[in-house]
Amino acid sequence: MNNLDKDVNHPKASDYEEEKDVTEWTVTAEHARERVDKYITESWEGNISRSQVQLWINDGHVNVNGAPVKANHKLLEGEVVTVVVPETEVTDLVAENIPLEVVYEDSDVIVINKKRGMVVHPAVGHPSGTLVNALMYHCKDLSGINGEIRPGIVHRIDKDTSGLIMAAKNDASHASLSAQLKEHSVTRRYIAIVQGNITHDKGTVDAPIGRDPHDRKLYVVTQKNSKKSVTHFTVIERFGDCTLVELQLETGRTHQIRVHMKFIGHPLAGDPIYGRSKGTTMTGQALHAAVLGFVHPSSGEYMEFSAPLPADMEDLLFTLRSR
């Protein structure tokens, strides 16, 4: 299931594949006879109210085995539950004067060094205070393909992951950058501090990822209802009980780095979900999107940007080196 090779030919480019606003689960035996509205509420990644789920059901945004159902529908093992989140018009969003660290900007694209703790785009439970709200204030010409709730946003990183993220400022740039992401021709490298001592200098984790059947808000390595997931790593520095690593994604699944590093016994330091947050002063996992490279949508020139480690990760490294 996993392959830890000492010598790995790392691909030059890797990235997330942008996920559609469709969420799907296959009901397991332990959730049979459960109401569909309760099932979705407890399965949803992030906070969502049962009343919101019931509104989606009433409006026809929820299907079971491809057919609409009522909120009190009792699920059967093997049924497929699908939620298609309705699009929110761009005009519903509010521009907010939130400071941004702009790494690069021109008439086509903007690159931001996102702070840890900032949500990328509005969603249920996070209607404001996001990167999108900040970008709408900073940029008056962000793209909004299909009128989606994330104007200009072509990829994302977790709330508690810091680092580089790009946004398009017109529809042509949006299409170009999205195509590059889909083709995995965007360079994205991460720096992380993980728990434990990784003995291999380089390695690859090749293990499929799917939702955790026991907690559907989380993800695990599993052969059931999963997708191929590949992460490459290189050790930078060892501290005995922790290791500083560079990681590169060959695929881009939700929480991929966090799940894969936990899978090989080296969860990210400070990760409150997949690791142990105790013992660090950080809020969130020690993961930073350090390098971002892409072909400029207009000029055709390859551009690459880097962002230094944030202060909280530097502080943790100082502590590890000073012991």
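Which residue follows helix 2, and what is the sign of its phi? Helix 2 is followed by G60, and the phi of G60 is positive, near 85°. Helices (H or I, at least four residues) and strands (E, at least two) are DSSP runs, numbered from the N terminus.

The structure is a predicted model, in which local features need pLDDT of at least 70, side-chain atom pairs count only at pLDDT 80 or more, and totals for chains, interfaces and linings use all residues. Residues are numbered from 1 along each chain as its sequence is written, and side-chain values use heavy atoms, with hydrogens and water left out. The predictor's confidence in each residue is given by pLDDT, from 0 to 100. The mean pLDDT of the protein is 85. A value of 70 or more is reached by 86% of the residues. Over residues 1–20, pLDDT stays under 50. For residues 1–20 the model has 74 contacts (heavy atoms within 4.5 Å) beyond four places in sequence.

The protein has 6 helices and 16 strands. Of its 323 residues, 50% count as buried. Buried means under 20% relative accessible area, exposed over 50%, and partly exposed in between (1.4 Å probe, protein chains only). The protein exposes about 15000 Å², of which carbon and sulfur atoms supply 49%. Accessible areas come from the Shrake-Rupley method with a 1.4 Å probe; for residues, only the protein chains shown count as cover. Among contacts with a separation of 6 or more, 68% are between residues 24 or more positions apart.

Helix 2 spans residues 50–58. Its buried residues are V53, W56 and I57. Seen down the axis of helix 2, they fall within an arc of 100°, so they line one face of the helix. The arc is that of the directions from the helix axis to the C-beta atoms. These buried residues pack against helix 1 (36–43), strand 2 (62–64) and strand 4 (80–84).

Strands 2 and 4 belong to an open sheet of 4 strands. The order is 1-4-2-3, and the pairing is antiparallel. Two strands pair if DSSP finds at least two bridges between them. Strand 1 (22–26) and strand 3 (67–68) are the edge strands, each pairing on one side only. Strand 1 is joined to strand 4 in the antiparallel sense over 5 bridges. One bridge partner in strand 4 is T82, opposite E24. Side chains alternate along strand 1. T23 and W25 point to one face and are buried. V22, E24 and T26 point to the other face and are not buried. At the other edge, strand 2 and strand 3 pair in the antiparallel sense over 2 bridges. N63 has P68 of strand 3 as its bridge partner.

Another open sheet has 3 strands in the order 11-10-12, with antiparallel pairing. Its edge strands are strand 11 (215–221) and strand 12 (226–227). Strand 10 (residues 209–212) is joined to strand 12 by 2 bridges. There, I209 stands opposite K227 of strand 12.

In soluble globular proteins, nonpolar side chains tend to be buried together. A nonpolar core is a set of buried Ala, Val, Leu, Ile, Met, Phe, Trp, Tyr and Cys residues joined through side-chain atoms within 4.5 Å. The largest core has 37 residues. L131, L135, Y190, L247, I257 and M261 touch the most other members. Helix 3 (residues 131–138) gives the most to this core, with 4 residues. A second, separate core has 17 residues, including V53, I57, V69 and V83.
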